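Please walk me through this structure in connected paragraphs, at a level that suits a first-year student. I would like to see how individual side chains relate to the parts of the chain in which they sit.

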Amino acid sequence: MDKYEILQKYFGYDTFRQAQETLIDSILEGKDTLGIMPTGAGKSLCYQIPALLMEGITLVISPLISLMKDQVGSLNQAGIHAAFLNSSLTPGQYRKALSYAMQGRYPIIYVAPERLVTPEFLDFALHTPIAMVAVDEAHCVSQWGQDFRPSYLKIVEFIDRLPKRPILSAFTATATKEVRDDIIAILQLRDPTVMTTGFDRSNLYFGVVSVKDRYGAVKTYLQAHREESGIVYCLTRKHVEEVCERLIRDGFSVTRYHAGLSDEERRKNQDDFIYDTVPVIVATNAFGMGIDKSNVRFVLHYGMPKNPESYYQEAGRAGRDGAPAQCILYYSGQDVATNQLFIEHNQDNQQLDEVTRAIVMERDRQRLKKMTFYCFTNECLRDYILQYFGEYGSNYCGNCSNCLTQFEEVDVTRAASSLLACIQTSKQRFGVNVILDTLRGARTAKIREYGMDHNPHYGELEDVPVYRLRQVLQYLQLQEYLLVTEDMYAVVKLTEKAAGVLERGERIVMKLAKEVQRVPKSQSDDKKRRKSHGLPEDAHFTQREESLFERLRRLRTQLAREAQIPPYMVFSDKTLAHMCVVKPVTKGQMLTVSGVGDFKFEKYGEEFLQCIAAFTRGAAKPGGREGV
Ligand code: ADP
Ligand code: MG
Ligand code: ZN
């Protein structure tokens, strides 16, 4: 068999994606290989397919038990023998798996890094030919990454012990140069083929919504997207509790996840989500690493994460199957302060020496600033993110809230000049809150103590809501009329540019999103977008296809339940959608559907064919009605 046949037979796909083929060929030529591709790009195939073509075993190193389980589950579903070796196995199961492995039963074995140098595993590895070691989530070797795992450093130690050096391949979605260089250096890749693909995830819609009533906005979104699976990320456990509780009270089926819950509850809630028992999970950022659920249709952020890396990673959990999905950030002014607190009190940094800690903190503050600007930029959001990662996209994507929404041009000169004048007359000595309190005419002890109640601008903007003042202030910062010092006092200072407004009557016009929900553009548009389920733009679903889709989905849920696997492991949303369009009658036709391979056909093909046939018959009967 060659790589194309494997792709078709086991995975049910016709063509490789951009980088996959290059990476696979490189490995098959015997070269060390590093693949840097965004989430959902299909990194797993890049080592799984060579693993099936090479003599000897491929060891896949993966950081999390849940990831290994997911991958091994998917491989077994596709008819490929694979196993994992980690601490979730009892000693008996572990020994049994190792002995099967020794007999050559598995071409692919997933191993936790800390297992590698244990005597038992070494004994196995020294007596079995190992063709390749594939390091998944390879950024875990780098201390610059967000998920440094000391146990990843054992990989090199392990390889050094082997009688013959296997091919090394590594994969990650982290794009920064530091991390890439670290991976090559630490894993000691030899003259590797390095392939980086663009970081754009074109199927994802990006939106920022700045509303006072965040909960209301989230609720409205969920109402319009019932039945779809999604994640609502919150900044704090407290928010998770609140949002989850309110949603339940409002009649939604949701569950929760954060580090404060018992292991048992976390596991249960996560499973409920993965198995589509509960469509929506409200969670802190503790949730998600290791979740390969492919049919997540939206990721909402109830609050702004601390940096663009985190945001893109969390948002990127939507739409792994390539079908359209939405990522919406609901921003509020307090988010900045909350994140600042996180940065100041970051436990992970406590062990660092003072100098390093200062550097790290400074870097974190810069990233937070970049994240904040994301919420305020009037430019294409996708472009903003891609530029952050060092890529240049086109500056219009047509699939983000900035590109799609009509902005309202608001003249904010009065507020802006009061702000600047207040900063100036108070001799640029105070932070944001004192300035805002002054302008709002607050009667607090602090304001009296600083004598700000005698400032000529005291109470001047009483009529402007404070969130709007913050927006204007942030805009002035973004446009460099003022800056906030980065020492612990965070004092607001003017730049030279401020004189334009203060002395020469320059006007400040902001593009502000209208105070309505910025997303979706219109209900009908949104419906069309959603209901295409990942098909090409012009292939929108008819109502009939939509109801077939629902039927197939129900069948999928039922089969998944019987097999005790998550529904997306039976077939992805995209595969079901494709079935609705093709409406296959024969096995041959069914095999042309993307995501249906021989083995999956054996398992589920007939049932889906029957379901489609029954549907078609029902629809063909004169006057026959759908039993929906
Ligand atoms: P990554 O590890 O890069 O985040 P995965 O390996 O989990 O991505 O793959 C994401 C999804 O893309 C999976 O559902 C996978 O089956 C699908 N996929 C991978 N390669 C192809 C391909 N050539 N054609 C169609 N779908 C693919
Ligand atoms: Mg992966
Ligand atoms: Zn855009």
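In this predicted model, Asp250 has a relative accessible area of 33%, and because values between 20% and 50% fall between buried and exposed, Asp250 is described as partly exposed. The side chain of Asp250 meets that of Lys219 in a salt bridge, with 3.8 Å from N to O. Asp250 belongs to the loop between helix 10 (237-249) and strand 10 (254-257), whereas Lys219 belongs to helix 9 (residues 214-224), so this pair ties together parts that are 31 residues apart in sequence. Lys219 is likewise partly exposed, its relative accessible area being 25%.

How many salt bridges does the structure contain by this rule? The count comes to 30, and two further pairs can be set beside the one just described. In one of them, Asp263 is joined to Arg266, and the closest N and O atoms of the pair are 3.0 Å apart. These two residues are 3 residues apart in helix 11 (residues 263-274), so about one helical turn separates Asp263 from Arg266. An α-helix has 3.6 residues a turn, which means that residues three or four places apart point the same way.

The other pair is Arg367 and Glu309, which form a salt bridge whose closest N and O atoms are 3.4 Å apart. This pair links distant parts of the chain, since Arg367 is found in helix 14 (residues 354-376) and Glu309 in helix 12 (residues 308-315), 58 residues apart. Are these two partners buried or exposed? Arg367 has a relative accessible area of 16% and is therefore buried, and Glu309, with a relative accessible area of 13%, is buried as well. Elsewhere, Arg297, Asp321, Arg556 and Asp573 are joined into one network by salt bridges that share partners.

Asp573 leads on to helix 25 (residues 573-582), where the buried residues are Asp573, Thr575, Leu576, Ala577, Met579 and Cys580. Cys580 has a relative accessible area of 0%, so Cys580 counts as buried. After helix 25 comes Lys583, which has a positive phi, near 45°.

Which cysteine sulfur is closest to that of Cys580? It belongs to Cys611, and because the two sulfur atoms are 9.1 Å apart, they are too far from each other for a bond. A disulfide is a covalent bond between the sulfur atoms of two cysteines. The structure as a whole holds 0 disulfides. Cys244, too, is in no disulfide, the nearest cysteine sulfur being that of Cys234, 9.0 Å away. Cys244 has a relative accessibility of 5%, and because this is under 20%, Cys244 counts as buried.

Other cysteines take part in a metal site. The zinc ion (ligand 3) has as its protein donors the SG atoms of Cys380, Cys397, Cys400 and Cys403, which lie 2.3 to 2.4 Å from the ion. The angles among the 4 donor atoms run from 101 to 118°, and the site of the zinc ion (ligand 3) is tetrahedral. Along the sequence, the donor residues follow the spacing C-x16-C-x2-C-x2-C. Among these donors, Cys400 is buried at 0% relative accessibility, and Cys403 is also buried, at 14%.

A second ligand site can be followed residue by residue. Ligand 1 is surrounded by 14 residues, of which the closest are Tyr13, Thr15, Gly40, Lys43 and Ser44. A polar side-chain atom of Ser44 is 2.5 Å from an oxygen atom of ligand 1. Nitrogen atoms of the ligand are approached as well: a polar side-chain atom of Arg17 lies 3.1 Å from a nitrogen atom of ligand 1, and an N or O atom in the side chain of Gln20 is 2.9 Å from a nitrogen atom of ligand 1.

Finally, the backbone deserves a look at two glutamines. Gln428 is not a glycine, yet its phi is positive, at about 55°, and Gln428 sits in the loop between helix 17 (413-425) and helix 18 (432-440). Gln564, again not a glycine, has a positive phi of about 55°, and its place is in the loop between helix 23 (543-563) and helix 24 (567-570). With a relative accessibility of 24%, Gln428 counts as partly exposed, whereas Gln564, at 65%, counts as exposed.

Terms used. Residues numbered from 1 in each chain as written. Chains lettered and ligands numbered in written order. Predicted model: local features only at pLDDT ≥ 70, side-chain atom pairs only at ≥ 80, totals over all residues. Heavy atoms only, no water. Donors = N, O, S within 2.8 Å, 3.2 Å for Na, K, Ca; no water. Tetrahedral: all angles 85-135°; square planar, octahedral: opposite > 155°, others 65-115°. Buried < 20%, exposed > 50% of the residue type's maximum accessible area, 1.4 Å probe, protein only. Disulfide = S-S within 2.5 Å. Salt bridge = Lys/Arg side-chain N within 4 Å of Asp/Glu carboxyl O. Helix = DSSP H or I, 4+ residues; strand = E, 2+ residues; numbered from the N terminus. Near = heavy atom within 4 Å. Polar contact = N/O pair within 3.5 Å; in protein donor to acceptor, adjacent residues only side chain to side chain.
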